[in-house]
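Work through the exercises below with the structure open. Each task is followed by a solution in steps.

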Amino acid sequence: MEDLLIRIEKRNDVPTTLYFFTPFIAIILTIIGGGIIFYALGFNPAEALKFYFITPISNLYGFSELLLKATPLCLIAIGLSFCFKSNNWNIGAEGQLTFGAIVGGGVALLFYNQEGFYILPLIIIAGAIGGMIFALIPAILKTYFNTNEILVSLMLVYVSKLILDYLVVGPWSNPEGFNFPETRQFSDSSRMPLLFDGLRVHAGIFIALAAVLVSWFVLYKTYLGFQIKVSGLSLKTAKYAGFKGKTMILIVFMISGACAGLAGVGEITGPIGQLHRMISPDYGFTAIIVAFLGRLNPFGIIFASLVVSLTYLGAETAQIFLQIPQYTGQVFQGMILFFLLASDYLLFFKVKILSLKKNELGH
Amino acid sequence: MYKNFLRYLISAIFLITFSISAKADFKVGFVYIGPTGDHGWTYQHDEGRKAVEAAGIKTTYVESVKYGADAERVIRQLAQSGHDLIFTTSFGYMDATNKVAKDFPNVKFEHATGYKREHSNVSTYSARFYQGRTILGHIAGKLTKTNTIGYIASFPIPEVIRGINAMTLAAQKVNPNIKTKIVWVFSWYDPGKEAEAAQALIDQGADIIMQHTDSTAPVQTAEKAGIWSFGQASDMQRFAPKSILTSIIDDWAPYYVERAIAARDGTWSQQDTWHGLKEGMVAMSPYNKGMGADLVKEAKQLQKDLASGKIHSFTGPIYDQKGNILVAEGKVADDGMLLGMNVYVKGVEGDIPK
């Protein structure tokens, strides 16, 4: 009598090159999977994929839109990488983005009828502080009251959205706006300068790029970065090494919140130009996928934010030209994450199928 | 000479084929706030799009387009990809529509329910839904036993306040003790929230539910609770066959077909349209016989009188919640007042969220 035995073993040596290569495998598998779905839906897969991944960026405007969408995703994901690297699961970037936009937008509304070079920097700083404060709530609750940061940060998303609802419907609503749930338009001095005439990509992209460089420096060249990485690998080791865990938790949440707040400010002072109820199409949640697809590496995140942005734009173009349902965009994002996690599993574990005689198992 | 002739001939052929192909390529784009399967607001706009398609004009739609940064890109992409007329079917697209219209002077834009027409290629259109609300109010006032009408509202904008007031005024006419209870869900489409709101209103004693939101969740909740309800935007009868008394139907099809043909034939010009029962942009689905033959007859008569203008939904005297007069006896509210309506009439409970 023979039995099949499946045993899953941890691999001891995972090559770094392969580790950074698996996201590409995940993307290729997603494209193949997407092609199969398009085929099943009755579309020509090659044509559908062309409209999905090539048409959106086939002109300057499309390219600018790609950068516009990637900017907040990249910024938030950079912030999240600090949290995730140190084993802090901040799921509430969407809330921190919203609260940053509220605080920054509040400053913009203070100056709604004024112009001046100092206004935009004030708004940006206010937005970063807003996001930071909002991220400190789960961080403090975690460090001093042992709460679960996943739940707290996630639930705070709804809190911030309700605060925004209240403000745009009530005290901050445009007095000339017939009670519609939106604020006044911000003044020109409150708007991010555009990089090119007629294109929407704005100076916020420099904030994102600066965040990439600074985060690379902090993570790989400073003591703080070392602490973060060690805590991520093993909390016990970190404790043994005498790292101050609580301070570090507060710091990574503050960085993460500030980045999300900046992303929020970039949206309202960039393409939107006012506060209303829907300032973000869930950038804060999508950025979680971006962070992991980018392997929590600053430069990887740039690449990942562009890929994920393309799935958004592609979903729109595919719908305009082929009437493919827009929800395929979400399916694509889901597939990327799924294939990434699946290939990670195979990367870190090996599956051994053993064929044994019963008596060998000691029966 | 011959050479020149050939050159003219070629350019003429080129021009003719180009203009013919341009005509044949006439395309209309639609931008929707919800999914086409919401069986409410977006569903009806898509029915209108299908009518345009049936009239032999190519159409494209993009559904579930969020307000904010995404809307402008989608509208611009439609304009860029050769659409000649673009309908943006939600209030939140107002600024984005006007912005794109500025950059595409040869493309025509039609924005639903907004008030900004900043460029000559932007028209606005909406329907006098409040006329339908008057009929609902009349029926509700006659049928309620608890004298409490539950109203699920989306956003405290004039259009929604107007509907609440029109319904309440009509209900008071037949039943002076009527009270309107409102739950604001701050969304156009959120089945979960809408169902909760319906249940909350039922728990507060409402025995008739109506909604100014787009999903079928409220009428389904009413059906389960065994009480009356009214459908919104499209005929929701099949989702709650026993409960639904009638639905206010938005019929965009004739307008869409008319405007698409006008744009194709070059007769399109900017306008601000506000049509109602008379023009058929607002219609009522068949009345539920459960309300009794007499009441069906009254409702039909009221529908006729509203359409002909014999009865106006806002005829004085109308008082606000504090008892101040809004419209004097014998007068009717003008369109300006209706468009900016910002206070509840007497008999509505609670305050407008501020």
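The model is predicted.

**Exercise 1.** Find where B:Ser313 lies in chain B, and decide whether B:Ser313 is buried or exposed.

Solution.
- Step 1. Locate the flanking elements: α10 covers 293-308 and β13 covers 318-319 in chain B. B:Ser313 sits in the loop that joins these two.
- Step 2. Count the surroundings: 24 other C-beta atoms lie within 10 Å of B:Ser313.
- Step 3. Apply the cut-off: a residue is buried if 20 or more other C-beta atoms lie within 10 Å of its own. B:Ser313 is therefore buried.

**Exercise 2.** Which residues is B:Ser313 in contact with, leaving aside its neighbours within four places in sequence? How many Å separate the C-alpha atoms of B:Ser313 and B:Asn106?

Solution.
- Step 1. Set aside the neighbours within four places in sequence; the contacts of B:Ser313 are then B:Tyr130, B:Gln131, B:Thr134, B:Ala166 and B:Leu306.
- Step 2. Turn to B:Asn106, which is 207 residues away from B:Ser313 along the chain. The C-alpha atoms of this pair are 39 Å apart.

**Exercise 3.** Describe the overall build of chain B.

Solution.
- Step 1. List the secondary structure: chain B holds eleven helices and 14 strands.
- Step 2. Take the extent along the principal axes: the C-alpha atoms fill a box of roughly 90 × 40 × 40 Å.
- Step 3. Compare with a globule: a compact one of 354 residues would have a radius of gyration near 20 Å, and the 23 Å of chain B agrees with this.
- Step 4. Look at the packing: 53% of the 354 residues of chain B count as buried. Of the contacts in chain B with a separation of 6 or more, 62% join residues 24 or more positions apart.

**Exercise 4.** Do likewise for chain A.

Solution.
- Step 1. Chain A has 13 helices and two strands.
- Step 2. The radius of gyration of chain A is 23 Å and the globule rule gives 21 Å for 363 residues, so chain A is as compact as a globular protein of that length.
- Step 3. The C-alpha trace of chain A spans about 85 × 60 × 35 Å along its principal axes.
- Step 4. In chain A, 48% of the 363 residues count as buried.

**Exercise 5.** How many residues does each chain bring to the contact between chains A and B, and which element gives the largest share on the side of chain B?

Solution.
- Step 1. Chain B brings 25 residues and chain A brings 20 residues.
- Step 2. On the side of chain B, β2 (58-62) and α3 (69-80) each supply at least two residues.
- Step 3. The largest share there is that of α3(B), with seven residues.
- Step 4. Sorted by class, the side of chain B that touches chain A has twelve nonpolar, seven polar and six charged residues.

Terms used. Residues are numbered from 1 along each chain as its sequence is written. Chains are lettered from A and ligands numbered from 1 in the order in which they are written. This is a predicted model: local features need pLDDT of at least 70, side-chain atom pairs count only at pLDDT 80 or more; totals for chains, interfaces and linings use all residues. Helices (H or I, at least four residues) and strands (E, at least two) are DSSP runs, numbered from the N terminus. The radius of gyration is taken over C-alpha atoms; the globule rule is 2.2 Å times the number of residues to the power 0.38. A residue is buried if 20 or more other C-beta atoms lie within 10 Å of its own, exposed if 12 or fewer, and partly exposed in between; C-beta atoms are placed from the backbone. Two residues are in contact if their C-beta atoms, placed from the backbone, lie within 7 Å. Ala, Val, Leu, Ile, Met, Phe, Trp, Tyr, Cys and Pro count as nonpolar, Asp, Glu, Lys and Arg as charged, and the others, Gly among them, as polar.
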